[in-house]
Amino acid sequence: MIERDYIMRMIDLLVKALTKALLHKKAYEYPQAKQEIAGAYKSLLGVSPEFIHSFSDEQLIELLGKDVETVGVKCYILGSLLKEEADIYRISKEEGKSISVYAKSLSLLLTAFLDTSVPIEPEHPTKIDACVQALRSVEIPQHILEKLFAFYEIAQRYDKAEDVLFDLVTFDTSVVISGLAFYERLLNKSSDELTAGGLPRNEVLDGIDILKKERLSS
């Protein structure tokens, strides 16, 4: 009960901080919006933006601790704040900064989702999609793609999972083995489930054939 109260309080504070930042963004008050985000880093996580940006996404996840009851929500809060900050960089024409911050945000938001296997709040998958869209013109690191692949499968967005799978194969051909396992899991689902997930059974079979050929040629 104490942990649940803590989580709800943190989410409530996050929503209030993001709402204030959004109001400043709409008024084109970007420095003030950044100040709101900086204040939220401090009040919610006890750190400064400079501290956050001095670490990689993987290091940040380690720093958030091992408490299984709270690490997911902490990742979500930090990922949400990073996304908001990246949005501000993008609309204020600081594209170089926005890309790296979007990548960190995506990694943390995915970690939060995979930690719980469900959205922490309704906007959670939407935030992930927004980060993916923002990074569409750059190469997403392999370790983040691996999380994205898992996210899409859990979210039953099988067509998206397949797209990421083939991106992963270009990084590492050993991914073919986990890709074949993914398709085998899909074959155990009904045709309706596969169609709803954007990957009809015939396309699953096609994917298996492609990966088997890839395995033989590698």
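Select H124 in this predicted model. H124 sits in helix α7. Its relative accessibility is 0%, so H124 counts as buried, the limit being under 20%. Display what surrounds the side chain: leaving aside residues up to four places away in sequence, H124 touches Y76, L109, A112, F113 and P119.

**Helices α6 and α7**

Next, select residues 95-116 for helix α6 and residues 124-134 for helix α7. Two packed helices are described by the angle between their axes and the distance between the axes. For α6 and α7 the angle is about 145 degrees, and the axes are 9 Å apart. The crossing of this pair is left-handed.

Show side chains at the contact. On the α6 side, pick I99, Y102, S105, L106, L109, L110, A112 and F113. On the α7 side, pick H124, K127, I128, C131, V132 and A134. Sorted by class, the contact of α6 with α7 has 11 nonpolar, 2 polar and 1 charged residues.

Now follow the chain into the loop between α6 and α7 and stop at S117. What is the sign of phi at S117? The value is positive, near 65 degrees, in a residue other than glycine. Most residues other than glycine have a negative phi. S117 has 40% relative accessibility and therefore counts as partly exposed.

**The nonpolar core**

Select L81, L106, I128, L148 and Y183 together. The largest nonpolar core has 67 residues, and these five touch the most other members. Then add helix α5, residues 71-91, which gives the most to this core, with 11 residues. In soluble globular proteins, nonpolar side chains tend to be buried together.

Centre the view on L148. Which residues does L148 touch, not counting those up to four places away in sequence? They are L110, I128, V132 and V164. Among these, L110 is one of the α6 residues that meet α7, while I128 and V132 are on the α7 side of that contact.

**Helices α8 and α9**

From there, select residues 142-154 for helix α8 and residues 158-171 for helix α9. Their axes come within 8 Å and cross at roughly 155 degrees. An angle over 145 degrees counts as roughly antiparallel, so α8 and α9 are roughly antiparallel to each other. The crossing in which α8 passes α9 is left-handed.

For the contact, show Q142, L145, E146, L148, F149, Y152 and E153 of α8. Opposite them, show Y158, K160, A161, V164, L165, D167, L168 and F171 of α9. By class, this contact of α8 with α9 has 10 nonpolar, 1 polar and 4 charged residues.

Zoom in on E153, which is found in α8. Is E153 buried or exposed? Its relative accessible area is 16%, and because buried means under 20%, E153 is buried. Not counting residues up to four places away in sequence, E153 touches Y158, A161, F182 and R185. Y158 and A161 belong to the α9 side of the contact with α8. For a long-range distance, add T19: E153 and T19 are 134 residues apart in sequence, and their C-alpha atoms are 31 Å apart in space.

The last stop is Q156, placed in the loop between α8 and α9. Check the backbone here: Q156 is not a glycine, yet its phi is positive, at about 60 degrees.

Terms used: Residues numbered from 1 in each chain as written. Predicted model: local features only at pLDDT ≥ 70, side-chain atom pairs only at ≥ 80, totals over all residues. Heavy atoms only, no water. Axes fitted to C-alpha atoms, helices over the stretch in contact; angles between N-to-C directions. Helix = DSSP H or I, 4+ residues; strand = E, 2+ residues; numbered from the N terminus. Parallel < 35°, antiparallel > 145°, perpendicular 65-115°, else oblique. Left-handed = near helix turned anticlockwise from the far one by under 90°. Contact = heavy atoms within 4.5 Å. Nonpolar A, V, L, I, M, F, W, Y, C, P; charged D, E, K, R; others polar. Core = buried A, V, L, I, M, F, W, Y, C linked by side-chain atoms within 4.5 Å. Buried < 20%, exposed > 50% of the residue type's maximum accessible area, 1.4 Å probe, protein only.
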